[in-house]
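Me: I'd like to learn how to read helix packing and charge pairing from a set of coordinates. Could you walk me through an example?

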Amino acid sequence: MEKRIERLDKYLKYKHLSTNKVSVDAGLSTGVIAKSREPNRDLSDSACKKILNACLDLSDKWLFDGEGEMLKSENTAPITQTVNGVGNNNVKISTMDKALDEIAAQRKLTENALKVNAKSQEQIDRLLALLEKRS
């Protein structure tokens, strides 16, 4: 039977990811994945869970048991993504929250642009009034 580490290696190759990137994103200690490749070794449940938190499209059933498809279907993929917090603590941020933050930032930029536009229009109106007085 195929080991978890062998399945992870297939995923890494398919996604063109390095072992180091996944280790860092998952908050794994240096060498955990490499040591799992040694004879009579494999990825622990804990390491797999951390990897799954970092690789959101990776199927847990496939990684743990080798059953099903390697990648989650779009319908079953979670709507959160993991970002590295302080140290190895991982913070989950909802994709929706991130989108709302981006919308709020865009709204502020739009409001500022409207204020600048309004000031410009006032200046144009004053200039036109001055030109009309000279005529």
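Reply: Happily; we will take helix packing, then salt bridges, then a surface patch, keeping in mind that this is a predicted model.

Me: How do I describe two helices that pack together?

Reply: Two packed helices are described by the angle between their axes and the distance between the axes. Here, the axes of H2 (residues 19–26) and H4 (residues 45–54) come within 8 Å and cross at roughly 95 degrees. That makes H2 roughly perpendicular to H4.

Me: Which residues in H2 and H4 meet?

Reply: Val-22, Asp-25 and Ala-26 are the H2 side, and they meet Lys-50, Ile-51 and Ala-54 of H4.

Me: And what should I look for in charge pairing?

Reply: Side chains of opposite charge can pair when their charged atoms come close. With nitrogen and carboxyl oxygen within 4 Å as the cut-off, the count comes to nine salt bridges. One of them joins Arg-4 and Asp-45, at 2.7 Å from N to O. This pair links distant parts of the chain, with Arg-4 in helix H1 and Asp-45 in helix H4, 41 residues apart.

Me: Is Arg-4 buried or exposed?

Reply: Arg-4 counts as buried because its relative accessibility is 15%, which is under 20%. Asp-45, at 41%, counts as partly exposed.

Me: Where is there a nonpolar patch on the surface?

Reply: Ile-124, Leu-128 and Leu-131 make a nonpolar surface patch of about 280 Å². Leu-128 lies in helix H6 (residues 95–134) and counts as partly exposed, at 45% relative accessibility.

Conventions. Residues numbered from 1 in each chain as written. Predicted model: local features only at pLDDT ≥ 70, side-chain atom pairs only at ≥ 80, totals over all residues. Heavy atoms only, no water. Patch = residues over 30% accessible without salt bridge, like charges linked within 9 Å, V, L, I, M, F, W, Y side chains within 5 Å. Areas by Shrake-Rupley, 256 points an atom, 1.4 Å probe, with all protein chains shown as cover. Salt bridge = Lys/Arg side-chain N within 4 Å of Asp/Glu carboxyl O. Helix = DSSP H or I, 4+ residues; strand = E, 2+ residues; numbered from the N terminus. Buried < 20%, exposed > 50% of the residue type's maximum accessible area, 1.4 Å probe, protein only. Axes fitted to C-alpha atoms, helices over the stretch in contact; angles between N-to-C directions. Parallel < 35°, antiparallel > 145°, perpendicular 65-115°, else oblique. Contact = heavy atoms within 4.5 Å.
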